[in-house]
Amino acid sequence: MTKILIIYTGGTIGMVNDPTNGMLIPFDFQQIKENVPELSRLDYDLDVHSFNPVLDSSNMDPEIWKTLAELVYHKYDQYDGFVILHGSDTMAFTASALSFMLENLAKPVVLTGSQLPIGEIRTDAKENLITALEIAATKEDGKALFPEVCIYFDSQLFRGNRSIKYNSEKFEAFRSPNYPILAEAGVHLQFYRNYILKASKGELKLHTNFNSNIGVLKLYPGITPQAVQAITDSKVDAIILETFGSGNTTTAQWFLDSLRQAILNGKIIIDISQCKKGSVQLGRYETSRELLKMGILSGYDLTFEATVTKLMFVMGLGLSIEESRKLMEESLRGELTKD
């Protein structure tokens with residue numbers, strides 16, 4: 001029988017109404033089949049691990065990612081797949097982080113959640129949970145069909161490190177702007193095999209040392225030297241530069257000098273676009289040519305969430321700055337496309 005471990009971290013999906021006061025409270029996921037009786041019709045052996053206390057996803061941080069990654073790593077041989085129930089607000093960050101932490105993953109780790117509590121009449125929680133379990137259990141020729149970290153939400157399966165939350169009000173909360181979906185749930189489950197990562201043949205490796213000392217500099221017309229230098233002159237180890245269009249910035253000399261000095265001081269600076277769809281192309285226009293010359297890295301089509309977690313991961317490996325810079329521009333878990 002297929003064995004799946006459900007890991008409940010918190011979030012809307014696990015809430016029910018307290019009959020005494022009408023407030024939303026987390027229910028005991030050990031009794032999950034009482035709240036989702038449809039699970040009894042799935043021929044799976046389900047175990048549940050609940051966080052205690054449960055967490056609002058706004059409180060997610062690298063230490064909690066470490067706990068999740070270690071849980072998957074230590075239970076890896078006991079289960080065919082893993083489903084992580086998580087609040088939607090930071091789900092894309094967690095999915096991206098886990099993709100880097102779990103090297104050589106050959107089993108599915110599927111994150112899901114909901115926009116409405118599982119006890120609501122119109123909830124999306126049951127469908128998301130049931131289909132996430134089906135995806136985690138899917139095999140071909142005895143091997144997992146999805147050997148990667150994914151997000152399943154509102155009938156679509158996304159690569160975790162390609163996902164963004166874009167809507168807080170609709171069931172369709174997530175998108176993957178620069179990479180196709182991996183599967184779609186309609187009357188039948190439709191799998192798009194060409195876009196799924198190939199399973200690694202190596203042993204699973206766990207990486208838990210993250211360096212979160214990162215600054216974010218989002219550009220806007222009229223940005224001042226004080227605002228820029230508050231980031232470039234700070235004690236961060238890396239800076240994410242959120243630029244216009246395909247990686248463009250102001251060509252003001254004071255701005256370029258601030259960036260250049262930050263690089264001379266040993267900071268890694270990576271350029272990602274404020275546009276959700278598309279890729280950074282350093283040097284395509286004059287407004288990004290100087291960035292390329294001074295050694296600013298291209299984030300290509302990385303999401304902000306993947307950029308943050310990849311930087312934390314790479315800087316936690318203990319490599320030289322040059323080795324770290326090289327890894328940032330390479331696709332490690334299918335998180336970016338260069339061409």
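## The loop at Asp141

Asp141 sits in the loop that runs between strand S8 and strand S9. This is a predicted model. The backbone at Asp141 stands out: its phi is positive, about 55°, although Asp141 is not a glycine. Most residues other than glycine have a negative phi. Asp141 is also exposed, with a relative accessible area of 82%.

The strands on either side of this loop are S8 (139–140) and S9 (143–144). Each of them supplies at least two residues of the lining of the largest pocket.

## The largest pocket

How much space lies in the largest pocket? The volume is about 450 Å³. Its lining has 18 residues. Lys143, Ala144, Leu145, Pro147 and Ala199 lie nearest the centre. By class, the lining divides into nine charged, seven nonpolar and two polar residues.

Ala144 belongs to strand S9. With a relative accessible area of 18%, Ala144 counts as buried because the cut-off is under 20%. Leaving aside neighbours within four places in sequence, Ala144 is in contact with Ala106, Lys107, Pro108, Thr138 and Lys139. Leu327 is another matter: Ala144 and Leu327 are 183 residues apart in sequence, and their C-alpha atoms are 28 Å apart in space.

## The second largest pocket

The second largest pocket holds about 230 Å³ of space. It is lined by 19 residues. Nearest its centre are Leu102, Leu105, Pro147, Leu197 and Arg333. Pro147 is thus named for this pocket and also among the residues nearest the centre of the largest pocket.

Which elements each supply at least two residues of this lining? They are helix H3 (91–101) and strand S6 (102–103). The lining of the second largest pocket has eight nonpolar, six polar and five charged residues.

## Helix H3 and the turn after S6

Is helix H3 enclosed or open? Ten of its eleven residues are buried, so H3 is largely enclosed by the rest of the structure. The buried residues are Met91, Ala92, Thr94, Ala95, Ser96, Ala97, Leu98, Ser99, Phe100 and Met101.

Asn104 lies in the loop between S6 and strand S7 (109–112). Its phi is positive, near 70°, and Asn104 is not a glycine. Asn104 is buried, with a relative accessible area of 19%. Asp141 has a positive phi too, but Asp141 is exposed.

## Two nonpolar cores

The largest nonpolar core has 53 residues. Leu98, Val109, Leu111 and Ile151 touch the most other members. Leu98 is also one of the buried residues of H3. Ile151 touches Met91, Ala92, Ala95, Leu111, Gln156, Leu157, Phe158, Gly160, Ser163 and Phe174, not counting residues up to four places away in sequence. Another core lies apart from the largest one. This other core has 35 residues, among them Tyr8, Ala137, Ala185 and Phe191.

## A cis bond at Pro53

Most peptide bonds are trans. The bond that joins Asn52 and Pro53 is cis, with omega about 5°. Pro53 is found in the loop between strand S4 (44–50) and helix H2 (62–75).

## Ser273 in strand S19

Ser273 lies in strand S19, which covers residues 268–273. Ser273 is buried, with a relative accessible area of 12%. What does its side chain reach? One partner is the backbone oxygen of Gly245, at 2.5 Å. Another is the backbone nitrogen of Cys275, at 2.9 Å.

Gly245 also appears in the contacts of Ser273. Leaving aside neighbours within four places in sequence, Ser273 is in contact with Thr243, Phe244, Gly245 and Val280.

## Leu291 in helix H7

Leu291 is part of helix H7, residues 286–294. Is Leu291 buried or exposed? Leu291 is buried, with a relative accessible area of 0%.

Leaving aside neighbours within four places in sequence, Leu291 is in contact with Gly247, Thr249, Leu256, Leu259, Asp271, Leu282 and Ile296. Thr249 is 42 residues from Leu291 along the chain. Their C-alpha atoms are separated by 8.6 Å.

Conventions: Residues numbered from 1 in each chain as written. Predicted model: local features only at pLDDT ≥ 70, side-chain atom pairs only at ≥ 80, totals over all residues. Heavy atoms only, no water. 1 Å grid on protein atoms, 1.4 Å probe; cavity = no way out; pocket = protein on both sides within 12 Å on 5 of 7 lines; lining within 4 Å. Points joined across faces, edges and corners; volume = space filled by probe spheres on them. Helix = DSSP H or I, 4+ residues; strand = E, 2+ residues; numbered from the N terminus. Nonpolar A, V, L, I, M, F, W, Y, C, P; charged D, E, K, R; others polar. Core = buried A, V, L, I, M, F, W, Y, C linked by side-chain atoms within 4.5 Å. Buried < 20%, exposed > 50% of the residue type's maximum accessible area, 1.4 Å probe, protein only. Contact = heavy atoms within 4.5 Å. Polar contact = N/O pair within 3.5 Å; in protein donor to acceptor, adjacent residues only side chain to side chain.
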